[in-house]
Amino acid sequence: MKNHISIIIAGFFLLARLGTHAEVTVTVGHNENGDTNPGFKFSNVPSPSTNDVATGAKFVVVDGERDPNGGDVDKLNDGKLPTEEDQPEENFFFNAGTSGGRLQVDLGSVISLKQVNTYSWHPNTRGPQVYKLYASDGTAQDFEAAPKNETNPETCGWKLIAKVNTKAKNADDDGGQYGVSISDTDSALGKYRYLLFDMARTEGNDDFGNTFYSEIDVVDANAATAQVLEGQKSADQAPSPGRFSIKTEDGKNEIAINTVAAPELKDWAEQKLAPVLAEWYPKIVALLPSEGYAAPAHFSLTLKPMDGVAYTAGTKVVANSTWLGNELHGEAIGSLVHEMVHVVQQFNGNNPGWLVEGSADYIRWFKYEPQSHGADIVWMQRVKRNFNYDGSYRITANFLNYVTEKYDKNIVTEMNAAMRQGQYDSKLWEKYTGKSVQQLGAEWKDDVKKQIAAGDASSGAR
């Protein structure tokens, strides 16, 4: 585990056009998933403060769309930090599917700037920061306060201060907390009233590449030392007791578990849940291979009160702690094994939901916990529904088990590979089994009915 990874972006950005030979340094602090802390404390980047000049500044989006799932721009200077790695409402970010946008900060008057510090937190590719920082005193004759994306700010009274890009070489390492500090090696950055952040997304492979910005600080060169946010005085201590990480049994992967919002489940998560996840993640990876694919090296699990049971987004699993608390001796662990399958699946394209969920339940009920009879004929006999192969979850899991035993033992692996590559086609069933999925479904349904009837007859005979 690596604590408080810190780098200085290679090279200095020379501000020759400012009429000085000052050298601007962009320093980056990175706390990896599992090593994050409540106060955003880094080894070489200041923690967010409560009395910097940005606190009273005006933040305005001058181009781009705010994502309605996130907070407004006031989240950037409200002196409050997110308490979880994926807390949209406590961060500002541009809308999904867009390439970013521009944000203007009006400090109210010309100020001698010592530092501009930006902070972000997300478990995946929305954690890194990619932007250009411009500044202006607003006095140029051609000054344009709100230049749109198609306008080069340097043509309308702005000066480029620095370029920031904190993306890792390997996208799997992008998650965590980031702190960026832009400063001058000798003196102040300069005297400015306005700042312009030209923010870009971190990746374009999907719609979710816009960074979760948590706070922006602007430090006055003539002000007293900034005061850190409340609660950060202890941020240099060990990670919160509600957060821990485990290595999988093969030593190749890491799982970060967060029970901060569900302290009542902390002991259960550490003693009961974590060992199962550590054992079964590599097993699931082995069950669902495909050519050229490497499963995520790490993923996160957050337990907190919410609606529903659980969901998985990329390498992030979130589960309802209230529901889990009522199922500690029932379905709690199995439900999270199901979600862990989704982490490994990493599908592309428009795949049938019944097969996605049915595959996850197949691994859960027929590989992880077959002894619980949660999807086999014992369960089917008990619930006696009108079964169809595309009924999803347990029903589809039973159908997949039937096809596995009667036709192709690798059918789940093969269908998973096709969905992962975005190449699923219903004709694949005939390719692998010699029959269409409809034919297989009808055959399976008849078999289930016969087994249920036989079970009913046996019960009546007794």
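This is a short exchange about the cavities, strands and buried residues of a predicted model.

Reader: What makes the empty spaces in this model cavities rather than pockets?

Author: The test is escape. A cavity is a set of points where a 1.4 Å probe fits but cannot get out, whereas a pocket is an open set. The structure holds five cavities of 30 Å³ or more. The largest cavity has a volume of about 80 Å³.

Reader: Which residues line the largest cavity, and what makes a residue part of the lining?

Author: A lining residue has an atom within 4 Å of a point of the cavity. The lining consists of Asn33, Gly34, Thr36, Glu85, Trp121, Arg243, Phe244, Ala256, Ile257, Asn258, Ser300 and Leu301. Two or more residues each come from β11 (243-247), β12 (254-258) and β13 (298-304). The largest share is that of β12, with three residues.

Reader: How does the lining of the largest cavity divide into nonpolar, polar and charged residues?

Author: There are five nonpolar, five polar and two charged residues. Gly counts as polar, and Gly34 is in the lining. Glu and Arg count as charged; the lining includes Glu85 and Arg243.

Reader: How do you know that β12 and β13 pair, and in which sense?

Author: Pairing needs at least two bridges. β12 and β13 have five bridges, in the parallel sense. Within this pair, Ile257 has Leu301 in β13 as its bridge partner. Both residues also line the largest cavity.

Reader: What is the strand order in the open sheet?

Author: The order is β11-β12-β13-β15-β14. The sheet has five strands and mixed pairing.

Reader: Why are β11 and β14 called edge strands?

Author: Count the partners. β11 and β14 (310-313) each have a single partner strand, so one side of each is left without a neighbour in the sheet. From one strand to the next, the twist averages 15°.

Reader: What makes the pairing in this sheet mixed?

Author: Look at β15 (316-320). β13 and β15 run parallel, joined by five bridges. β14 and β15 run antiparallel, joined by four bridges. Thr302 has Val318 in β15 as its bridge partner, while Thr312 has Val317. The hairpin of β14 and β15 has two residues between the strands, and Gly314 takes a positive phi near 65° there.

Reader: Which helices touch or lie across these strands?

Author: Helix α1 (residues 266-287) packs on the sheet and touches β11, β12 and β13. The direction of α1 makes about 35° with that of β11. Helix α3 (residues 332-345) lies across β13, β14 and β15. The angle of α3 to β14 is about 15°.

Reader: What makes β15 mostly covered?

Author: Buried means under 20% relative accessible area. In β15, five of its five residues are buried. Lys316, Val318 and Asn320 point one way, Val317 and Ala319 the other, and all are buried.

Reader: Why is strand β8 called largely enclosed?

Author: Nine of the nine residues of β8 (residues 176-184) are buried, so the rest of the structure largely encloses this strand.

Reader: Which strands pair with β8, and how do you know?

Author: Bridge counts again, against a minimum of two. Strand β3 (residues 23-31) shares eight bridges with β8, in the antiparallel sense. Strand β5 (residues 100-122) also pairs with β8 in the antiparallel sense, over eight bridges. Val28 has Val180 in β8 as its bridge partner. Trp121 stands opposite Gln177 in β8. Trp121 also lines the largest cavity.

Reader: Why is Ser183 called buried?

Author: The cut-off is under 20%. Ser183 has a relative accessible area of 16%, so it is buried. Ser183 belongs to strand β8. Not counting residues up to four places away in sequence, Ser183 touches Glu23, Val24, Thr25, Lys114, Gln115 and Leu189.

Reader: What makes Val62 buried, and what does Val62 contact?

Author: The relative accessible area of Val62 is 6%, against the cut-off of 20%. Val62 is therefore buried. Val62 is in strand β4 (residues 58-63). Leaving aside neighbours within four places in sequence, Val62 contacts Arg102, Leu103, Gln104, Ala146, Pro147, Lys148 and Leu196. The C-alpha atoms of Val62 and Gly101 are separated by 7.7 Å, and these residues are 39 residues apart along the chain.

Definitions and conventions: Residues are numbered from 1 along each chain as its sequence is written. This is a predicted model: local features need pLDDT of at least 70, side-chain atom pairs count only at pLDDT 80 or more; totals for chains, interfaces and linings use all residues. Side-chain values use heavy atoms; hydrogens and water are left out. On a 1 Å grid over the protein atoms alone, a cavity is a set of points where a 1.4 Å probe fits but cannot get out, and a pocket is an open set with protein on both sides within 12 Å along at least five of seven lines; lining residues have an atom within 4 Å of a point. Grid points are joined across faces, edges and corners, and a volume is the space filled by probe spheres set on the points. Axes are lines fitted to C-alpha atoms, for helices over the stretch in contact, and angles run from 0 to 180 degrees between N-to-C directions. Contact means heavy atoms within 4.5 Å. Buried means under 20% relative accessible area, exposed over 50%, partly exposed in between (1.4 Å probe, protein chains only).
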